[in-house]
Amino acid sequence: MNKILIIDDEEKIRTLLSRIISLEGFEVFQASDLKNAKKRLEVSDIDVVISDVKLTDGSGVEFSKIIKEKYPSVETILLTAYGNIPDGVQAIKNGAFDYITKGDDNNKIIPLVYKALEKVVLNRRVLQLEKQLDNKQSFDNVIGKSRLIQFAIDSAKKVAGTDATVLLNGETGTGKEVFAQAIHNASNRNKQNFVAINCSAFSKELLENELFGHKAGAFTGAMKDSKGIFEEANNGTVFLDEIGEMPLDLQAKLLRVLESGEFLKVGDSKPTKVNVRIIAATNRDLQNEIDKGNFREDLFYRINIFSIVLPSLRERTSDIEELANYFLRKFTQKIGKKITSISKEYLDVLKKHIWKGNIRELRNVIERSVILEDSQELTIQSLPFDLQQLSTSDTSSNKSLSAFSMASAEKIHIQKTLNYTKGNKAEAARLLEIGIATLYRKIEEYKIS
């Protein structure tokens, strides 16, 4: 039942309006002043407020603003004994649904209440969708309880409330854009734009135009001025994904933005000022790229003020089951299938696999399995063929190694190298002159901690 609150210091008017409105099946509450009205709003889930403009302890026009700020889904209809255009204009600016004259407009009350209720329903739907979107793009939506992912989340939460530049390090598919969006949403810039761009997706010329925009006439076809993402994100956040792919001369222009907050549009001689926060991400070893001459050292120090490492899925295998079940629920709902569980054998294969594509690859595997599976449980038969082979692979690696075997010597050598690099697997793979995927396979095979 919809709830209506009537605020008026004249008891006869309150009683008359209550009788008219209650006959429509609404639950009606009364308040003689703003003090009692505030108490009623706090304890009852009011949908529409009908209020006099002039009350003993304040103005209904000003109160409509307070209502809209504190209860954004509630609509207010204001009543006045004498029509006043300035008051009416201000009432609408404050968020009131309508402003009408007492007595003469009593026949308008019921239709207005119904129209206001339609907007209440719409308001609540919008608020619910906004809440769902915020939850989707918050740290609460990052799945996993492993130590490494929780450390990354805790670090991101600490830096979110600052304006510090953040560098997200991690392999492809580890969720760098999810973290960047969550950092923005938890920052004081969350009401402003979050604009993301993948630096590897454009040629040098196109990337410069995307980042900084251009002036009319800067090149053939530039008929009017165009904003780049830095201007679009002014007072908000720019996310530069795969920053290690950015050409050197554009790196110099980015450095200028970081140092002075200004840049030159393509074809412009006057700098444009912006206030943006930059979050960058890379799957490359930028220190190694500096040594090769591919990345500016001064830029690295500016973007590496606060670094967060997002762990690969191979480093957080304890989270695979939770992630798999999340994607199962998502895709069964999307596709319309009634698959309710995942077999133990299926999960065992997922935990054995070396996920080069990380969470993105796992997501794709689960979606494919949901499409193929006709039973109520995901089984090995719904896995891609190469993953099915893991279920029948040789398990001899679980046996104890002979102290004199080559495998034993290899295990010891890998362990020593990892100790030397303090657990840095990318550096260990480089020193061992093997691929990172091979190193991970050896670690799994020899059960190296």
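**Cores, pockets and a few single residues**

Leaving aside neighbours within four places in sequence, F230 is in contact with L211, F212, V238, L254, V257, F263, V274, V276 and I278. I start with that residue, and I should say at once that the model is a predicted one.

F230 belongs to the largest nonpolar core, which has 30 residues. Together with L211, L240, I243, L254 and I303, F230 is among those that touch the most other members. Where does this core come from? At least two residues each are supplied by β9 (194-198), α8 (204-212), α9 (229-232), β12 (237-241), α10 (248-260), β15 (277-282), α11 (286-291) and α12 (297-303). Helix α10 has the largest share, with five residues. In soluble globular proteins, nonpolar side chains tend to be buried together.

Now to the pockets. To find empty space, one rolls a probe the size of a water molecule over the atoms. How big is the volume of the largest pocket? About 1200 Å³. It is lined by 38 residues, and N169, V309, N424, K425 and A426 are the closest to its centre.

If you want to trace the lining on the structure, go to α6 (147-160), β8 (166-169), α11, β16 (306-309), α18 (425-432) and α19 (436-446), each of which supplies at least two residues. Helix α11 is a name you have heard already, as it also supplies at least two residues of the largest core. The largest share of the pocket lining, five residues, is from α18. Sorted by class, the lining has 14 nonpolar, 13 polar and 11 charged residues.

The second largest pocket holds about 870 Å³ of space. Which of its 26 lining residues are the closest to its centre? They are N141, G175, E177, V178 and I359. The elements that give two or more residues to this lining are α7 (176-185), α13 (320-335) and α15 (358-372). Of these, α7 gives the most, with five residues. The classes here are 10 nonpolar, seven polar and nine charged residues.

Next, some backbone angles. Most residues other than glycine have a negative phi. Two residues here have a positive one. For N358, phi is near 55°. For E433, phi is about 60°. Neither is a glycine.

Are these two residues buried or exposed? N358 lies in helix α15, and its relative accessibility is 0%, so N358 counts as buried. E433 sits in the loop between α18 and α19. The relative accessible area of E433 is 73%, and the cut-off for exposed is over 50%, so E433 is exposed. On the structure, then, look for N358 in a helix and for E433 in a loop.

My last residue is S226, in strand β11 (residues 226-227). Its relative accessible area is 25%, which means that S226 is partly exposed. What does S226 touch? Not counting residues up to four places away in sequence, the list is G213, H214 and K265. As for distance, S226 and K356 are 130 residues apart in sequence. In space, they are 39 Å apart, C-alpha to C-alpha.

To go back over the main items: there is a largest nonpolar core of 30 residues, a largest pocket of about 1200 Å³, and a second largest pocket of about 870 Å³. Add to these N358 and E433 with their positive phi values, and S226 in strand β11.

Note on methods: Residues are numbered from 1 along each chain as its sequence is written. This is a predicted model: local features need pLDDT of at least 70, side-chain atom pairs count only at pLDDT 80 or more; totals for chains, interfaces and linings use all residues. Side-chain values use heavy atoms; hydrogens and water are left out. A nonpolar core is a set of buried Ala, Val, Leu, Ile, Met, Phe, Trp, Tyr and Cys residues joined through side-chain atoms within 4.5 Å. Buried means under 20% relative accessible area, exposed over 50%, partly exposed in between (1.4 Å probe, protein chains only). Helices (H or I, at least four residues) and strands (E, at least two) are DSSP runs, numbered from the N terminus. Contact means heavy atoms within 4.5 Å. On a 1 Å grid over the protein atoms alone, a cavity is a set of points where a 1.4 Å probe fits but cannot get out, and a pocket is an open set with protein on both sides within 12 Å along at least five of seven lines; lining residues have an atom within 4 Å of a point. Grid points are joined across faces, edges and corners, and a volume is the space filled by probe spheres set on the points. Ala, Val, Leu, Ile, Met, Phe, Trp, Tyr, Cys and Pro count as nonpolar, Asp, Glu, Lys and Arg as charged, and the others, Gly among them, as polar.
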